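This report covers the surroundings of the ligand and one patch on the surface.

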Amino acid sequence: MPRIDSPPSLDQCKLVDLPKIHDPRGNLTFIESGQHVPFPIERVYYLYDVPGGEVRGGHAHKELQQLIIAVNGSFDVVIDDGRERQRFHLNRSYFGLYLPKLIWRELDNFSSGSVCLVLASAHYAENEYIRDYREFCRTVDALPR
Ligand code: TYD
């Protein structure tokens, strides 16, 4: 039986308050699969040296789940479920924004020197992206409500 997805909702996107070990020698934050993210971590990548004014993202994923963290500096993540949009400002290395599958995202407002760390639930696969916003809206509109 093919699995029938329900439509995505911004309610499924969550700010995760990660553990922070305070230490006068410097703070430490850790992330464990299944504990702080509800998926096995299969890939880690990071965006850095982003020139001022640039925009990243601009796509959704068919299946991929992610946790996005501003490990240095700050940036905004605009999320969109095909019905509504919400802007998050990430500026702490101990907060992660969890995104389930089928959420359109755009990242902008990068501060100088910022680093965007992304934990992902699967290896990179271009055929898993939806890079056209209208195609994204058609995809989520076709799911039963
Ligand atoms: P993309 O995911 O579009 O970047 P962003 O959403 O951050 O703006 O990826 C940009 C390019 O990098 C694209 O050609 C695919 C490649 N890429 C990989 O090869 N492996 C990866 O894990 C990622 C995230 C991207």
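The shell around the ligand divides into 4 nonpolar, 2 polar and 3 charged residues. The model is a predicted one. The residues around the ligand are Arg-43, Tyr-45, Leu-47, Arg-56, Gly-57, His-59, Tyr-124, Tyr-129 and Arg-131. Gly-57 is counted here as polar because the scheme puts Gly among the polar residues.

Oxygen atoms of the ligand lie at short listed distances from three of these residues, as tabulated below.

| Residue | Part of the residue | Distance to a ligand oxygen atom |
|---|---|---|
| Arg-43 | polar side-chain atom | 2.5 Å |
| Gly-57 | backbone N or O atom | 2.8 Å |
| Arg-131 | side-chain N or O atom | 2.9 Å |

On its own, the ligand has 520 Å² of accessible area, and the protein covers 63% of this. Two or more residues of the shell come from strand 4 (43-47), and the same holds for strand 5 (56-61).

A separate topic is the surface patch. Which residues make the nonpolar surface patch? Ile-21, Leu-28 and Phe-30 do, and the patch amounts to about 250 Å². Ile-21 is found in strand 2, which spans residues 20-21. Is Ile-21 buried, exposed or partly exposed? With a relative accessible area of 42%, Ile-21 is partly exposed. Ile-21 can therefore be part of a patch, since patches take residues with over 30% relative accessible area and Ile-21 has 42%.

How values were computed: Residues are numbered from 1 along each chain as its sequence is written. This is a predicted model: local features need pLDDT of at least 70, side-chain atom pairs count only at pLDDT 80 or more; totals for chains, interfaces and linings use all residues. Side-chain values use heavy atoms; hydrogens and water are left out. Patches are made of residues with over 30% relative accessible area and no salt bridge: like charges are joined within 9 Å, nonpolar side chains (Val, Leu, Ile, Met, Phe, Trp, Tyr) within 5 Å. Accessible areas come from the Shrake-Rupley method with a 1.4 Å probe; for residues, only the protein chains shown count as cover. A salt bridge is a side-chain nitrogen of Lys or Arg within 4 Å of a carboxyl oxygen of Asp or Glu. Helices (H or I, at least four residues) and strands (E, at least two) are DSSP runs, numbered from the N terminus. Buried means under 20% relative accessible area, exposed over 50%, partly exposed in between (1.4 Å probe, protein chains only). A residue is near a molecule or strand if one of its heavy atoms lies within 4 Å of it. A polar contact is a pair of N or O atoms within 3.5 Å; within protein, one must be able to donate a hydrogen and the other to accept it, and residues adjacent in sequence count only if both atoms are side-chain atoms.
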